[in-house]
Amino acid sequence: MNRRTLLLTACAAVIARPVYAAPCGFEICRSDAEWRERLTEEEYMVLREEATERPYTSALNEETRPGTYHCRGCDLPVYDAAAKYDSETGWPSFFESIPDAVRTKEDRNFIFQVRTEVHCRRCGGHFGHVFDDGPAPTGKRHCLNGLSLAFSPAA
């Protein structure tokens with residue numbers, strides 16, 4: 001088989017093969033361009049690239065009204081204000097999420113340390129991390145990026 005035949009055969013195989021979009025694994029799937037269009041650069045870095053905002057920079061640290069915190073990526077209600085507390089870490093913190101609102105996964109980005117990441121169950125947006133040093137009744141501290149959340153006060 002000469003090179004030309006091999007090249008033409010390979011090109012024909014690629015063209016003839018059906019192209020399927022890879023499923024994202026979440027209810028809400030958007031392209032990178034769509035996410036960038038919906039979010040600010042800082043929100044995109046946190047929600048889609050799993051970055052962390054600087055401590056003590058979120059306006060949500062001082063939020064104390066009753067209400068609900070929603071995923072900034074898809075507006076899913078994820079945390080009730082009644083579960084919020086001041087962890088003195090510089091990030092909004094909660095002792096529990098709304099049932100079936102979040103998912104977790106291992107984060108091994110630090111050498112010799114395994115952390116637990118918390119994400120929106122509907123769009124996969126990155127919220128922050130969960131630690132085992134929170135208050136009763138759960139003993140958990142959901143230490144979250146304010147950029148990943150939107151607050152809706154109770155009516």
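In the predicted model, the largest pocket encloses about 230 Å³ of space. Of the 17 residues that line this pocket, Asn 61, Glu 62, Lys 84, Tyr 85 and Asp 86 are the closest to its centre. The lining is mixed in character, with six nonpolar, five polar and six charged residues.

The largest nonpolar core comprises 26 residues, among which Tyr 69, Val 78, Tyr 79, Phe 127 and Leu 149 have the most contacts inside the core. Two or more residues are contributed to this core by each of the elements α3 (41-47), β1 (67-71), β2 (77-80), β6 (113-120), β7 (126-131) and β9 (149-153). In soluble globular proteins, nonpolar side chains tend to be buried together. The surroundings of Val 78 illustrate the packing in this region: when residues up to four places away in sequence are not counted, Val 78 touches Tyr 69, His 70, Cys 71, Ser 97, Ile 98, Ala 101, Val 102, Phe 127 and Leu 149.

His 119 is located in strand β6, and this residue counts as buried because its relative accessibility is 8%, which falls under the 20% cut-off. A polar contact of 2.7 Å joins the side chain of His 119 to the side chain of Glu 117. Apart from neighbours within four places in sequence, His 119 is in contact with Glu 50, Ala 101, Val 102, Arg 103, Lys 105, Gly 124, Gly 125, His 126 and Phe 127. Ala 101, Val 102 and Phe 127 are thus found among the contacts of both Val 78 and His 119.

Definitions and conventions:
Residues numbered from 1 in each chain as written. Predicted model: local features only at pLDDT ≥ 70, side-chain atom pairs only at ≥ 80, totals over all residues. Heavy atoms only, no water. Core = buried A, V, L, I, M, F, W, Y, C linked by side-chain atoms within 4.5 Å. Buried < 20%, exposed > 50% of the residue type's maximum accessible area, 1.4 Å probe, protein only. Helix = DSSP H or I, 4+ residues; strand = E, 2+ residues; numbered from the N terminus. Contact = heavy atoms within 4.5 Å. Polar contact = N/O pair within 3.5 Å; in protein donor to acceptor, adjacent residues only side chain to side chain. 1 Å grid on protein atoms, 1.4 Å probe; cavity = no way out; pocket = protein on both sides within 12 Å on 5 of 7 lines; lining within 4 Å. Points joined across faces, edges and corners; volume = space filled by probe spheres on them. Nonpolar A, V, L, I, M, F, W, Y, C, P; charged D, E, K, R; others polar.
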